[in-house]
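The exercises below are meant to be worked with the sequence and the model side by side. Try each task before reading its solution.

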Amino acid sequence: MAVMRDRKPKTPQLPKPKSESSTIIRQAFFLLSLYLLLGVAIYSFNRDEFSGIETHPVVDALYFCIVTMCTIGYGDITPLTPATKIFACVFVLVGFGFIDILLSGVVSYVLELQENMILTGIHIKKSQQGFSARNYIVDVDKGRMRIRLKVGLALGVVVLCVGIGTLMLYFLENLDWIDSVYLSVMSVTTVGYGDRAFKTLPGRLFAGVWLLISTLAVARAFLYLAEARVDKRHRRIAKWVLHRDITIQDLLAADINNDGFIRLGFNPF
């Protein structure tokens with residue numbers, strides 16, 4: 001016998017918590033600016049203690065800080081003295097976690113805007129009945145984009161970042177198409193073998209922005225791929241559980257108090 005007891009009065013549902021992405025974005029730009037200014041200042045006052053091809057002091061300093069913070073490590077600019085080596089160690093350790101935590105808020109904010117725009121369009125046209133492509137890519141009941149669309153958008157951003165990097169490398173660094181694709185992929189994946197790097201002033205200016213965005217976008221894309229595999233496994237297990245027949249062993253296992261009753265809900269008595 002199964003007895004359902006739920007005498008606890010229903011309480012109103014708590015409102016959905018507000019998104020903190022906009023706050024994180026403001027903090028990201030402020031703290032990231034301070035972090036990069038500190039790195040640029042330290043590099044600028046110790047230029048003689050770094051080896052590499054020089055273009056412009058400020059551009060070289062910003063380029064070195066971003067390449068270090070994104071953990072790419074081309075090797076075209078390297079510290080020479082113990083003091084600058086310690087600076088590089090501290091800078092990369094702090095920046096490794098700093099860049100992911102703060103800039104991930106930007107990615108979340110963009111995805112939330114995309115979700116809200118799509119869901120708003122669906123609610124406006126909700127009078128249309130039957131199957132729609134929107135129902136395949138958006139979960140209206142849960143109020144969020146399906147993982148398939150997130151993976152598709154993330155992979156599209158990866159292709160876009162690699163494509164933009166390839167074009168700019170071809171025109172700014174005077175590389176051939178193969179080397180341009182090669183350096184672009186090695187950069188966004190933070191491999192950075194060091195046989196190719198940005199050597200011109202326009203190229204390093206472009207790298208300062210492109211590397212900061214593309215490395216994070218690629219990391220988030222692979223995260224969504226892993227999330228898609230986990231989500232697929234969860235749905236497969238849930239489908240198996242919901243469609244299997246309940247056995248006597250399942251009911252006995254649900255009787256956790258060993259009193260012959262199965263209680264659903266909280267009963268203080």
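**Exercise 1. In which loop does Thr71 lie?**

Step 1. This is a predicted model, in which local features need pLDDT of at least 70 and side-chain atom pairs count only at pLDDT 80 or more, while totals for chains, interfaces and linings use all residues. Residues are numbered from 1 along each chain as its sequence is written, and side-chain values use heavy atoms, with hydrogens and water left out.

Step 2. Helices (H or I, at least four residues) and strands (E, at least two) are DSSP runs, numbered from the N terminus. With these assignments, Thr71 falls in the loop between H2 and strand S3 (78-79).

Step 3. The backbone of Thr71 has a phi near 60°, a positive value in a residue other than glycine. Most residues other than glycine have a negative phi.

Step 4. Burial follows from relative accessible area, where buried means under 20%, exposed over 50% and partly exposed in between (1.4 Å probe, protein chains only). Thr71 counts as partly exposed because its relative accessibility is 30%.

Step 5. Thr190, in the loop between H6 and H7, also has a positive phi, of about 60°, although Thr190 is not a glycine. With a relative accessible area of 29%, Thr190 is likewise partly exposed.

**Exercise 2. Describe the overall make-up of the protein chain.**

Step 1. Counting the elements gives 8 helices and 6 strands in the protein chain, and along the sequence they follow the pattern β-α-β-α-β-α-α-β-β-α-α-α-α-β.

Step 2. Of the 269 residues in the protein chain, 32% are buried.

Step 3. A contact means heavy atoms within 4.5 Å. Among contacts between residues at least 6 apart in sequence, 68% join residues at least 24 apart.

**Exercise 3. Place Tyr63 and Asp60 in their surroundings.**

Step 1. Tyr63 belongs to helix H2 (residues 57-69), and Asp60 lies in helix H2 as well.

Step 2. Tyr63 is buried because its relative accessible area is 2%, and Asp60 also counts as buried, at 2% relative accessibility.

Step 3. Leaving out residues up to four places away in sequence, Tyr63 touches Tyr74, Asp76, Ile77, Ala197, Phe198, Arg204 and Ala207. With its neighbours within four places set aside, Asp60 is in contact with Tyr43, Ile53, Glu54, Thr55, Ile77 and Arg204.

Step 4. A nonpolar core is a set of buried Ala, Val, Leu, Ile, Met, Phe, Trp, Tyr and Cys residues joined through side-chain atoms within 4.5 Å. The largest such core has 40 residues, and those that touch the most other members are Tyr63, Met69, Tyr74, Phe198, Trp210 and Leu211. Two or more residues of this core come from each of helix H1 (21-44), H2, helix H3 (82-124), helix H5 (147-172), helix H6 (177-188) and helix H7 (201-243), and H7 gives the most, with 9 residues.

**Exercise 4. How many aromatic pairs are there?**

Step 1. Rings of Phe, Tyr and Trp (its six-membered ring) pair if their centres lie within 6.5 Å, and planes under 30 degrees apart count as stacked, over 60 as edge-to-face and the rest as tilted. This rule gives 12 aromatic pairs.

Step 2. One of them joins Tyr43 and Phe50, a tilted pair with 4.6 Å centre to centre and 40° between the planes.

Step 3. Phe50 and Phe64 form an edge-to-face pair, because their planes stand at 65° with the ring centres 5.1 Å apart. This pair links distant parts of the chain, with Phe50 in strand S2 (residues 50-51) and Phe64 in helix H2, 14 residues apart. Phe50 is buried at 7% relative accessibility, as is Phe64 with a relative accessible area of 5%.

Step 4. Ring pairs also link Tyr63, Tyr74, Phe198, Phe206 and Trp210 into a cluster.

**Exercise 5. Where does H7 bend?**

Step 1. The bend at a residue is the angle between axes fitted to the seven residues ending there and the seven starting there. H7 bends by about 35° at Trp210.

Step 2. Apart from its neighbours within four places in sequence, Trp210 is in contact with Cys161, Gly165, Ser184, Ser187, Val188 and Phe198.
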